[in-house]
Structures are given as structure tokens and as C-alpha cells.
Amino acid sequence: MSLEHDEDVAAQLSPQAFDAQFRAQHRSPLLTELWARAWGEQYPAEVRPNSGCPWRLLGLMVADLRPAPGATIADLGCGLGGPGLWLARATGTRLIGVDWSAAAVEIAAERARHWLPDERVEFRTGSFTDTGLADGVADAVISVDALALAMDPQAALAEVRRVLRPGGTLLFTGAEPRTPDAAATVWEEPLRAAGFRLDSRTELPGEGAAWGRLYGSIRQHQGRLREQMGDRATRTLLAEADMIEPHIEQLSWGVVRARATE
Ligand SMILES: C[S@@+](CC[C@H](N)C(=O)[O-])C[C@H]1O[C@@H](n2cnc3c(N)ncnc32)[C@H](O)[C@@H]1O
């Protein structure tokens with residue numbers, strides 16, 4: 001949302017917290033159903049994202065990246081892997097998914113068996129600032145509702161630049177303040193400092209409303225969610241709702257595209 005996080009938010013963001021949340025959420029068919037209802041016809045059911053990943057974003061990623069068959073796409077903060085798996089399968093590319101949650105990586109690797117041949121996919125644990133990937137290995141880097149969570153965005157962008165080949169593209173989504181030049185205000189300078197040129201920011205219309213519907217239905221169905229996910233994971237979702245809901249009107253969700261300078 002912004003380049004700085006306050007300390008409360010920082011405390012909630014840890015690999016262990018995400019591990020517990022992913023394991024619990026994976027047990028809840030109701031949560032998946034609420035996600036599907038909130039996004040309606042824009043919900044890509046097979047992808048089952050843990051993010052705002054409407055069909056229009058998947059289409060935009062294909063149109064913007066146009067990767068050559070056999071190219072390598074790295075998905076940072078891949079979670080359970082859905083968006084990257086869909087993109088790699090659709091474009092005939094190779095996928096490397098990285099997430100600091102070992103539980104997410106384990107589930108993503110299991111899902112991958114149903115999407116791509118082994119030689120075209122790898123999931124591994126790593127952080128935004130230490131992915132463990134080789135220099136210049138990726139032709140493109142994507143990150144769906146993840147990179148914008150980095151505690152040290154400048155260090156994260158430097159790591160993305162290191163793993164991208166010169167001229168490669170970074171596409172990431174997130175929410176910025178609803179101003180006409182949101183991407184320029186928030187991202188242009190950090191991207192430039194890390195060796196990128198900001199190409200564009202495309203708003204994803206309807207995302208705020210979809211998040212609002214999701215948080216509303218989580219409140220409404222918290223009893224059944226508790227039965228499926230347990231108390232702690234349900235409270236975490238409710239806390240996220242409390243944190244984001246009051247700001248939905250002031251936020252704009254969009255996808256930022258940047259090019260690694262040669
Ligand atoms: C909102 S989820 C999005 C997951 C996935 N991109 C999707 O669209 O389904 C954010 C993801 O970022 C990961 N994450 C958060 N901070 C991270 C960090 N510092 N390094 C690596 N992954 C991180 C979390 O574990 C989580 O999987």
C-alpha cells in the first residue's frame with residue numbers, strides 16, 4: 001500500500017504467520033467460495049488466488065509480457081502458486097515460484113503436478129530480498145499482491161533487478177492512494193534507483209468493491225469460518241478486514257509495469 005509499514009503491521013508479516021494462515025485457509029472450502037462470490041465473473045476458479053487476481057489481470061499479464069515459449073518467469077511471493085502456474089501454462093514458459101512461507105511452497109509444488117511438466121516448474125522458499133535465484137535468470141518477474149508488502153521495498157527491487165535479465169519486465173500489483181499519478185508518486189523513484197524504468201500503471205477497476213464484498217462476507221460467515229479454519233486464522237482475516245476496509249474508498253488497485261534498464 002505504501003513504501004513504509006508501521007510496526008504493528010510488521011509484526012503480522014512473518015513466514016511463520018503466513019505458514020499458519022495458508023494451512024488454515026487451505027482447509028476452508030467456504031473461504032474459497034466467499035472469494036469466488038466476491039469477484040463474481042472475474043474470479044478465475046482454477047487459479048484459486050490468495051489475492052486480487054481477476055481474469056482481467058491474467059489477460060493483461062499475457063498481453064503485456066508476451067513471453068517467448070521457453071522463457072523463464074519468476075513469481076515472487078507466489079503463495080499457493082495459482083497466478084504463475086496459469087501464466088506459465090498459457091504462454092508455454094518456465095516458472096520459478098518463490099515464497100518465504102514453506103507451507104505455501106509445499107502446497108504450490110503439489111498443485112504444480114496438475115499444471116505443468118516437472119522440467120517447466122520449480123517452487124522454492126526465499127524472501128523478496130534473498131530469492132536464492134541466479135543473476136539474470138528471469139525474462140520476466142511477476143508478483144501478485146506480494147512485492148508491495150516488502151518491509152524494505154528498495155532492497156526488494158534491487159533483488160528483482162538482479163534476477164531479471166537486462167530489458168526484462170517486472171509486473172506487480174498492489175493498492176496505491178487514489179490519485180492521478182499514484183504509481184509515479186509511490187514507485188517511480190524507488191524503481192529508478194533500483195535500475196528500472198516505470199512503463200505504466202493500469203488500474204484494475206472493481207477491485208476495491210470486490211475486497212469490500214470479501215471482507216463483508218468474512219464478517220458475516222465468521223462462525224462457519226472458525227469451524228473450518230480455527231479461531232486464530234479467522235481472527236487474522238477479521239483483523240485484515242478491520243485494517244483495509246476503512247481505506248477502500250481512498251485506494252486504487254492496479255498493476256505496475258517496469259522495464260529493467262540495459
Ligand atoms: C497476498 S499473498 C499473494 C499470494 C499469491 N501471489 C497469489 O496471488 O495468490 C502474499 C504472499 O507474499 C508472501 N510474502 C510476504 N512477504 C514476503 C517476503 N518478504 N518474501 C517472500 N514472500 C513474502 C506471503 O507468504 C504470501 O504468499
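User: Why is the crossing of α4 and α5 called right-handed?
Analyst: A crossing gets that name if the near helix is turned clockwise from the far one by less than a right angle, and left-handed if anticlockwise. α4 and α5 cross in the right-handed way, so the turn here is clockwise. By the way, this is a predicted model, where local features need pLDDT of at least 70 and side-chain atom pairs count only at pLDDT 80 or more, while totals for chains, interfaces and linings use all residues. Residue numbers start from 1 along each chain as its sequence is written.

User: What makes α4 oblique to α5?
Analyst: Helix α4 (residues 55-65) and helix α5 (residues 82-91) pack at about 45 degrees, their axes 11 Å apart. Under 35 degrees would be roughly parallel, 65 to 115 roughly perpendicular and over 145 roughly antiparallel, with the rest called oblique. The angle of α4 to α5 falls in that remainder, so the pair is oblique.

User: Which residues meet where α4 packs on α5?
Analyst: Leu58, Met61 and Val62 of α4 meet Trp86, Leu87, Ala90 and Thr91 of α5 (contact means C-beta atoms, placed from the backbone, within 7 Å). Sorted by class, that contact has six nonpolar residues, one polar and no charged ones.

User: How do you know that α7 is oblique to α8?
Analyst: Helix α7 (residues 153-163) packs against α8 at about 50 degrees, with 9 Å between the axes. That angle is why α7 counts as oblique to α8. Their crossing is right-handed. Pro153, Gln154 and Leu157 in α7 meet Pro190, Leu191 and Ala193 in α8, giving five nonpolar residues, one polar and no charged ones.

User: What is the strand order in the open sheet?
Analyst: The seven strands run β3-β2-β1-β4-β5-β7-β6, with mixed pairing (a pair needs at least two DSSP bridges). At the edges sit β3 (121-125) and β6 (196-203), each pairing on one side only. From one strand to the next, the twist averages 20 degrees.

User: How do you know that β4 and β5 pair?
Analyst: Five bridges join β4 (residues 138-143) to β5 (residues 164-177), so the minimum of at least two is met. The two strands run parallel, and alanine 138 has leucine 164 in β5 as its bridge partner.

User: Which residues come nearest the ligand?
Analyst: Ser51, Gly77, Gly79, Val144 and Ala146, out of 23 around the ligand (near means a C-beta atom, placed from the backbone, within 6 Å). The shell has 14 nonpolar, seven polar and two charged residues; Gly counts as polar.

Definitions and conventions. Helices (H or I, at least four residues) and strands (E, at least two) are DSSP runs, numbered from the N terminus. Axes are lines fitted to C-alpha atoms, for helices over the stretch in contact, and angles run from 0 to 180 degrees between N-to-C directions. Two residues are in contact if their C-beta atoms, placed from the backbone, lie within 7 Å.
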